[in-house]
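Open the model in your viewer and keep the selection panel at hand. This tour goes stop by stop: what to select, then what is there.

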Amino acid sequence: MTTMLSTATPEEVGLCSERLARIPAFFQTYLDKEKVAGMSFLIGRKGKVAYQHSMGVKDFETGSPIDTETIFRIYSMSKPITSVALMMLYEEGLFRLEHDVSRYIPEFANLSVYESGGIDDYTTKPLDRPMIVRDLLTHTSGLTYGFMFQNTVDRLYRKSSINNTSEMSLEDYCKELAKLPLVFSPGAGWNYSVSTDVCGRLVEVLSGQSLDEFFKTRIFQPLGMNDTSFDIPLDKVERFASCYERDPKTGKARLQDRGSESSYIGKRAFFSGGGGLVSTIGDYYKFCQMLMNRGEFNGARLLSSSTIDFMTLNHLPGGQTMGEMGDSLFSENRMDGSGFGLGFSIILDPVEVMAPGSAGSYSWGGAASTYFWIDPEYDLLAIFMTQLMPSDTYPMRPQLQQLTYAAIID
């Protein structure tokens, strides 16, 4: 299914072309200094694509330019898609948010919380309460990520077999994950984590389909997201951008994963709902516009409007912010002034976030610096695609927000 995107001039939807031209002018400095190889922007308003611009290259060595057909690693921008998939099954009555996760993944009945000690000699204590499905969607589960380098538990993740998922199924992953202690008892804090990978396993258990098949048949095909998947087919390799990281000596971008030689090429065994997808900026726009339309895009309705409204409320206990609940050193968004819904960060106070936008805006990003946000009050959405690890290397996301909101003229 091919879906054509509706377009408009910036002025037709209340944006200023002259001010939007500041975006590439500003970001050209990143390219001139070779801090990134290339980037792509898309801004939509009032249901139309009003601005789209690509600049730079997919790969320094080949010099092949980034364009609208370029495929990017979206990493944690996979999380909102997985959250939508799970909530589609919620609408079918297949689970409740307060259900224990162990009801669907039995191994999670034996979880414990880290208490003290090192990776080879540690003690645990019982949970204050069982982990429920809502904990997974809001990152209040007590799970973590091995790349955090914050505590003994993430060291245990790096030591565990879950650190190498190349030949592992989601089912096996969750069985191994359940053997590791939690950082805190579920609901007691906020910590960015592999929770959404467990959500992906719930999708498999509840639907009877593998996660990649569910995504394909229930989300990607209906929305016309033809270039979004867990792998790169051979006939699309030339469209796949290389990924870079900052060289600490030169400050320039150095190769981290070459697109033409990447492990993403060909079929993969592990379907990471937390970070495994690749996509184009046009494909991800279709997903974002579905969210902006409160569940529907181009005649395909994935969720009801009431479910989207529910997902984009702050679900953290007591209306707390991510900053108030967590001491995590890593998030894909600013923690002060932001709550968390069922799959997205939610702006509660733009002043505390220190960025333009509206209360109720929601967003998330990926490890290679990709980002999206949706602002229902302004009927505005924006997507930023680039390939630079890690995502906090440069403040490109808030800079893009500054320049985008400055272009609103009605």
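The stops below cover a sheet, a loop residue, a helix pair and a covered helix in this predicted model.

**Stop 1: the sheet**

Select residues 243-246, which are strand 6. Add strand 7 (253-257) and strand 16 (388-389). Together they form an open sheet of 3 strands. The order is 7-6-16, and the pairing is mixed. Which strands are at the edges? Strand 7 and strand 16 are, as each pairs on one side only.

Now zoom in on strand 6 and strand 7. They run antiparallel, joined by 4 bridges. Show Glu 245 and Arg 254. Arg 254, in strand 7, stands opposite Glu 245.

**Stop 2: a loop residue**

Follow the chain on from strand 7 to Ser 260. This residue sits in the loop that links strand 7 with strand 8 (278-279). Is Ser 260 buried or partly exposed? Its relative accessibility is 46%, so Ser 260 counts as partly exposed.

Display what surrounds Ser 260. Neighbours within four places in sequence aside, Ser 260 contacts Val 237 and Ile 265. Then pick the C-alpha atoms of Ser 260 and Val 101. They are 39 Å apart, with the two positions 159 residues apart along the chain.

**Stop 3: two packed helices**

Select helix 3 (residues 78-91) and helix 9 (residues 281-292). How should a helix pair be read? Two packed helices are described by the angle between their axes and by the distance between those axes. Here the angle is about 50° and the axes are 12 Å apart. That angle makes helix 3 oblique to helix 9. The crossing of helix 3 and helix 9 is left-handed.

Turn on side chains at the contact. Helix 3 brings Pro 80, Ile 81 and Val 84. Helix 9 meets them with Tyr 284, Phe 287, Met 290 and Leu 291. By class, the residues of this contact are 7 nonpolar, no polar and no charged.

**Stop 4: a covered helix**

Finish with helix 13, residues 396-405. How many of its 10 residues are buried? The count is 8, and helix 13 is mostly covered. Colour the buried set: Met 396, Arg 397, Gln 399, Leu 400, Gln 401, Leu 403, Thr 404 and Tyr 405.

Next, show what covers them. The cover includes helix 2 (22-32) and strand 1 (38-45). Strand 13 (362-365), strand 14 (371-375) and strand 15 (380-386) are also included. So is strand 16, an edge strand of the sheet from the opening stop.

Conventions. Residues numbered from 1 in each chain as written. Predicted model: local features only at pLDDT ≥ 70, side-chain atom pairs only at ≥ 80, totals over all residues. Heavy atoms only, no water. Pairing = 2+ DSSP bridges. Axes fitted to C-alpha atoms, helices over the stretch in contact; angles between N-to-C directions. Parallel < 35°, antiparallel > 145°, perpendicular 65-115°, else oblique. Left-handed = near helix turned anticlockwise from the far one by under 90°. Contact = heavy atoms within 4.5 Å. Nonpolar A, V, L, I, M, F, W, Y, C, P; charged D, E, K, R; others polar. Buried < 20%, exposed > 50% of the residue type's maximum accessible area, 1.4 Å probe, protein only.
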